[in-house]
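User: Please examine the backbone geometry and solvent exposure of the model shown below.

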Amino acid sequence: MTKTILLYGGSGRTGTFVMQQALAAGHSVRALVRNPAVISQTDAKLTLIKGTPEDADDVAEAMQGCDVVISTLNNARASDSPFSKLVNRDSLLKDIIDVTIAAMHDQGLRRIVSLGAAGANESYDTAPLLMRMLIKWSHLGHAYRDHEMVEDALAASGLDWTVGRAMMLGKKEGTAPVIESYVVGGANQPKPVMQISRTSVAQWLIEALDRADLHGKAPMISQK
């Protein structure tokens, strides 16, 4: 069933694929972006709204007529190095999700799917050693705490939420099925692999919109 999707992060490295794939699947997309000029995608079902998801008025405008929300936002660092500092405050994603939850309640929306990170909350203890070391000792930890606050806010929201905790995001297009893993009895079941392609993450986020079995869940997602 086609939907009208409010998309956050549509100009980003993962959000670009969400936009392309959602439109190709027949969905309508309303993308809230700071600079619409950076998006080259054109489609009759694509509406670009200039603004920021930090602003309640911008979010309320962008959400008009939408059925669901997809967020691919991340709390960016100055570079891809885990030791690079955040370029925004360390509660950016939490502040955005608070605004979004309030707007969803105001406008009667129920479904939100958000991109998260493997190693957040209870998945930290079962994450690979290198990942745990980076979360603990590098600036990745600040971004992870922001992701954790997003998950906690969604869990308390009363909405039909899902977070896809992605393993390392790869550049190559993936063709293998996505593995969904949960922490069961102190171990990951099934065992995830270390990466997943951005195109496959995009497809998973879109398909998750229609999956009631994912309501209130935050699986790790990976791909061989």
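User: In which loop is P190 found?

Analyst: In this predicted model, the strands β9 (187–189) and β10 (195–197) are joined by a loop. P190 is found in the loop between β9 and β10.

User: Is the peptide bond from Q189 to P190 cis or trans, and what is its omega?

Analyst: Most peptide bonds are trans. The bond that leads from Q189 into P190 departs from that pattern. It is cis, with omega near -15°.

User: What is the phi of N121, and where is the place of this residue?

Analyst: Most residues other than glycine have a negative phi. N121 is not a glycine, yet its phi is positive. The place of N121 is in the loop between β5 (111–117) and α4 (129–137), and its phi is about 50°.

User: Does N121 count as buried, partly exposed or exposed?

Analyst: The relative accessibility of N121 is 27%. Buried requires under 20% and exposed requires over 50%. Because 27% lies between these limits, N121 counts as partly exposed.

User: What is the relative accessible area of G158, and how far apart are the C-alpha atoms of G158 and I101?

Analyst: G158 is found in the loop between α5 (140–155) and β6 (160–166). This glycine is partly exposed, with a relative accessible area of 48%. G158 and I101 are 57 residues apart along the chain, and their C-alpha atoms are separated by 9.2 Å.

User: How many residues of helix α6 are buried?

Analyst: Helix α6 spans residues 198–208 and is mostly covered. Its buried residues include R198, W204 and L205. Of the 11 residues in α6, the number buried is 9.

Technical notes. Residues numbered from 1 in each chain as written. Predicted model: local features only at pLDDT ≥ 70, side-chain atom pairs only at ≥ 80, totals over all residues. Heavy atoms only, no water. Buried < 20%, exposed > 50% of the residue type's maximum accessible area, 1.4 Å probe, protein only. Helix = DSSP H or I, 4+ residues; strand = E, 2+ residues; numbered from the N terminus.
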